[in-house]
Amino acid sequence: MPQTSAAVSQEPKDMRVGQPLTVTIVIKALDEERYIAACIESALVAMRGIQGEIILADSASTDRTIEIAKQYPIKIVQMTCIEDRSCGAAAQLGFQHSIGRYIWLVDGDMELRPGFLAAAVQFLESHPDVAGVGGMLTEHETANLEYVKRSVREYGMRRPGVVARLDGGGVYRRAAIESAGYLADRNLHGCEELELGARLVSRGWKLARLPLPDVDHHGHSGNAYRLLWRRLTSRVCFANGEVMRAALAWDRLPAIGRRQQHDLILLTAIYAWWLCLLGAPMLLSGWAAAIAVAMLAAFPVAAKSLRFRSLALGFYSVAAWQVFAIGFWPGFLRRRIPPTEWIASRVVQESTDAQRLHRAAAER
């Protein structure tokens, strides 16, 4: 089994009383009123026959997410500082309030498939060197270009076996997470699974993907370009720069760099493309300059359109590149907060069942 070390923890001392429950399902949510009921109900079904708890980790939603979630016998915790909002902080918020021996991390717009949790726990029990397992995500958003692109580039390329990270959530072993210090870096607006995978693998743990469906994902519907704008305003586009900064802070640049090699090459190519577009009018004049700029601008769109066999996806991919390149340096230069620092939050609702089981375990 991989070597473990004492975890740095900031939670209250009474939160880990007695033996932990078998599983904690952590549901990350931010304004998910449309799907949160289905997500929670599927989590309750997935937990049947398993001793555990369900925690909704809410990033200060402003819609009816909390109101809807209160109708179910789950624990609800909510950030109290909007500035803490990020993908990494939402996951860490749920973890810092959890007591399960295994942690299943999912998003509020997902529905959990029955049977996967039991299979994941069984796999982890029989493979003590594995820190976490994921499954085969099913994407249901087919209109938004972002999720169509993901289905072609990411989801369609997933294969069962040993992997470097568990995109789309996974079931993690608490002992492995504690050996790595924390579940997710609160500074990251994305790429938190990449950073977590690098920390776990660097400590000798393995990650695996099972040939089983784990969740159904209902991505953002509507205009994909509006989603790109949201990435800019919510700082999600900072993620690649933030994860590289995290790698420098924790001396994991080689591990992160190898996993981000494609993105770093793409980033360099985008900046070179920008320079060519700016330099063409300076080196040429008249119609020659106009033709050169037009050809330079059209080339990446044409290349991506041929790859995806879709002009709409070609345009969208190149637009997404620009957002990625714009956000990298602000993310890289952004001030970091210690990842182990307690995330300010309040308990909105306790889970009666989890409390009862926890007290019983403590009494034993």
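**Entry 1. Leu56 and the cores**

I began with Leu56 and, setting aside its neighbours within four places in sequence, I listed its contacts as Ile27, Ala29, Ile36, Thr65, Ile66, Ala69, Ile74, Lys75, Ile76 and Val77. I note at once that the model is predicted.

I then looked up the largest nonpolar core, which has 35 residues. Leu56 is among the members that touch the most others, together with Ile25, Ile27, Trp104, Leu112 and Val171. Apart from this core I found another, of 26 residues, and its members include Val26, Met79, Ile103 and Ala184. As background I recorded that nonpolar side chains in soluble globular proteins tend to be buried together.

**Entry 2. Helix 3**

I asked how many of the ten residues of helix 3 are buried. The count is nine, and I therefore entered helix 3, residues 87-96, as mostly covered, buried being under 20% relative accessible area. The buried residues I wrote down are Gly88, Ala89, Ala90, Ala91, Gln92, Leu93, Gly94, Phe95 and Gln96.

**Entry 3. Positive phi values**

I looked next at backbone angles, bearing in mind that most residues other than glycine have a negative phi.

Ala60 is not a glycine, yet I found a positive phi of about 60° there. I located Ala60 in the loop between strand 2 (52-58) and helix 2 (65-69). Is Ala60 buried or exposed? Its relative accessible area is 12%, so I entered Ala60 as buried.

Arg235 also has a positive phi, near 70°, and is a residue other than glycine. I placed Arg235 in the loop between helix 8 (224-233) and helix 9 (239-249). With a relative accessible area of 23%, Arg235 is partly exposed.

**Entry 4. Salt bridges**

I searched the whole structure for salt bridges and obtained 14. I followed three of these pairs by name, as set out below.

Lys28 forms a salt bridge with Asp107, and I noted 3.3 Å between the closest N and O atoms. Which parts of the chain does the pair link? Lys28 is in strand 1 (residues 23-29) and Asp107 is in strand 4 (residues 102-107), 79 residues apart, and I recorded these as distant parts of the chain. Lys28 is buried at a relative accessible area of 11%, whereas Asp107 is partly exposed at 25%. I also found that Lys28, Asp107 and Glu192 are linked in a network of salt bridges.

Glu67 forms a salt bridge with Arg64, with the closest N and O atoms 3.4 Å apart. I entered Glu67 as partly exposed because its relative accessibility is 48%. Arg64 counts as partly exposed as well, at 39%.

Asp84 forms a salt bridge with Arg186, and the closest N and O atoms are 2.9 Å apart. This pair links distant parts of the chain, 102 residues apart. I found Asp84 in the loop between strand 3 (75-79) and helix 3, and Arg186 in the loop between helix 6 (174-179) and helix 7 (192-202). Both Asp84 and Arg186 are buried.

**Entry 5. Aromatic pairs**

A search of the whole structure gave me six aromatic pairs. I asked which kind of pair Phe328 and Trp329 form. Their ring centres are 5.2 Å apart and their planes stand at 85°, so I entered the pair as edge-to-face. Phe328 is buried, with a relative accessible area of 6%, while Trp329 is partly exposed at 43%.

Trp329 also pairs edge-to-face with Phe332, at 5.5 Å centre to centre and 80° between the planes. Trp329 and Phe332 are three residues apart in helix 13, so about one helical turn separates them. I closed this search by noting that Phe328, Trp329 and Phe332 form one aromatic cluster.

**Entry 6. A nonpolar surface patch**

My last lookup concerned the surface. I found a nonpolar patch made of Tyr225, Leu311 and Phe315, with about 320 Å² of accessible area together. Phe315 lies in helix 13, which I recorded as residues 311-333. Its relative accessibility is 46%, so I entered Phe315 as partly exposed.

Note on methods. Residues numbered from 1 in each chain as written. Heavy atoms only, no water. Core = buried A, V, L, I, M, F, W, Y, C linked by side-chain atoms within 4.5 Å. Buried < 20%, exposed > 50% of the residue type's maximum accessible area, 1.4 Å probe, protein only. Contact = heavy atoms within 4.5 Å. Helix = DSSP H or I, 4+ residues; strand = E, 2+ residues; numbered from the N terminus. Patch = residues over 30% accessible without salt bridge, like charges linked within 9 Å, V, L, I, M, F, W, Y side chains within 5 Å. Areas by Shrake-Rupley, 256 points an atom, 1.4 Å probe, with all protein chains shown as cover. Salt bridge = Lys/Arg side-chain N within 4 Å of Asp/Glu carboxyl O. Phe/Tyr/Trp six-rings, centres within 6.5 Å; stacked < 30°, edge-to-face > 60°.
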